[in-house]
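Please open the structure in your viewer and keep the selection tool at hand. We will go from one stop to the next, and at each stop you will be told what to select and what to look for.

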Amino acid sequence: MQNKIEVIRDYAKDKLGGDRSGHDFYHADRVSKIAKRLAEQEGISNTLIIETAGYLHDVIDDKVVEDVMGEKERLKKFLKKLDFPVKSFQEVFEIIENISFSKELDEGKADLTLAGQIVQDADRIDALGAIGILRTAYYGGHTKSPLYDPNIPPKEFKNKQEYRKKSTVINHFYEKLFKLPATMNTKAGKLEAQRRLLFMEDFLKEFYAEWDLS
């Protein structure tokens, strides 16, 4: 299994290595490793599908790639070459096509397998904490979003189309990030998400204190 994971890791590195939106290879690498750790805490020993989906969850995402359908076909060919069983192959695609926050806005929370729930938790955990703060700021620069404007309140997004419109970097904490701990599927995921949330809340207290010098 380890050799197969190394090949999958290299595929993710090739596809995501040039990303400059915060969804790069190192994000995928962290998600896969977080997911493996969560799986072990859930008593799962065979983590091939979980690690695979962790590495590949952004390689067909429209935030990252322009030709989504083309990347799907290339990914299918790649997994077939690795002799993935049909059931495993289908589960990997089911996970990576249904774990995103933006899709949840359109269709509600997906009915994921336990493996899918774990990968979803891992992806959302990497949006929190110190890494989450930096990724949020980095993505804000990528989309040319304002850092903060006290005259622009956070929004409640009803669908993916609204969610993709620019707000501010600080608003993103309220519009998405602080909502993530409540969406966690696993006990271990909830604990880690809560720990990172507290760090982010402390960060914002300091941010506002430095901003409001009056």
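What follows is a tour of a predicted model, taken one selection at a time.

**Stop one: helix α3**

Begin by selecting residues 48–56, which make up helix α3. How many of its residues are buried? The helix is mostly covered, since 9 of its 9 residues are buried. If you click along it you will pass Leu48, Ile49, Ile50, Glu51, Thr52, Ala53, Gly54, Tyr55 and Leu56, and these are the buried residues of α3.

**Stop two: helices α4 and α5**

Now select residues 68–81 for helix α4 together with residues 86–96 for helix α5, and turn the view until you can see how their axes cross, at roughly 145 degrees, coming within 11 Å of each other. The crossing of α4 and α5 is right-handed. To see what makes the contact, show the side chains of Lys72, Leu75, Lys76, Leu79 and Lys80 on α4, and those of Phe89, Val92, Phe93 and Ile96 on α5. Sorted by class, the contact between α4 and α5 has 6 nonpolar residues and 3 charged ones, with no polar residues.

While α4 is still selected, pick out Met69, which has its place in this helix. Is Met69 buried or exposed? Its relative accessibility is 54%, and because exposed means over 50%, Met69 counts as exposed. If you draw a distance from the C-alpha atom of Met69 to that of Ser21, which is 48 residues away along the chain, you should find a separation of 20 Å.

Next, move to Asp83, in the loop between α4 and α5. The backbone here deserves a careful look, for Asp83 has a positive phi of about 60 degrees although it is not a glycine. Asp83 also counts as exposed, with a relative accessibility of 63%.

**Stop three: helix α8**

Select residues 129–142, the 14 residues of helix α8. At 1.5 Å a residue this helix should span 20 Å, and its end C-alpha atoms are indeed 20 Å apart, so the two values agree. Then colour Gly129, Gly132, Ile133, Arg135, Thr136 and Gly140, which are the buried residues of α8. Looking down the axis of α8, you will find these buried residues within an arc of 170 degrees, and they therefore line one face of the helix. It helps to recall that an α-helix has 3.6 residues a turn, so residues three or four places apart point the same way. Which helices do the buried residues of α8 pack against? Add α2 (25–41), α10 (169–175) and α11 (187–211) to the view, and you will have the partners in this packing.

**Stop four: the loop between α8 and α9**

Just after α8 comes Lys144, which has its place in the loop between α8 and α9. Lys144 takes a positive phi of about 60 degrees although it is not a glycine, and with a relative accessibility of 70% it counts as exposed.

Finish at Phe157, in the loop between α8 and α9 (160–163). Phe157 is buried, with a relative accessible area of 12%. Leaving aside residues up to four places away in sequence, Phe157 touches Leu105, Glu162, Tyr163 and Glu175, so show these side chains around it. As a last distance, join the C-alpha atoms of Phe157 and Asn171, which are 14 residues apart along the chain and separated by 12 Å.

Notes: Residues numbered from 1 in each chain as written. Predicted model: local features only at pLDDT ≥ 70, side-chain atom pairs only at ≥ 80, totals over all residues. Heavy atoms only, no water. Helix = DSSP H or I, 4+ residues; strand = E, 2+ residues; numbered from the N terminus. Expected span 1.5 Å × (residues − 1). Buried < 20%, exposed > 50% of the residue type's maximum accessible area, 1.4 Å probe, protein only. Arc of directions from axis to C-beta. Contact = heavy atoms within 4.5 Å. Axes fitted to C-alpha atoms, helices over the stretch in contact; angles between N-to-C directions. Left-handed = near helix turned anticlockwise from the far one by under 90°. Nonpolar A, V, L, I, M, F, W, Y, C, P; charged D, E, K, R; others polar.
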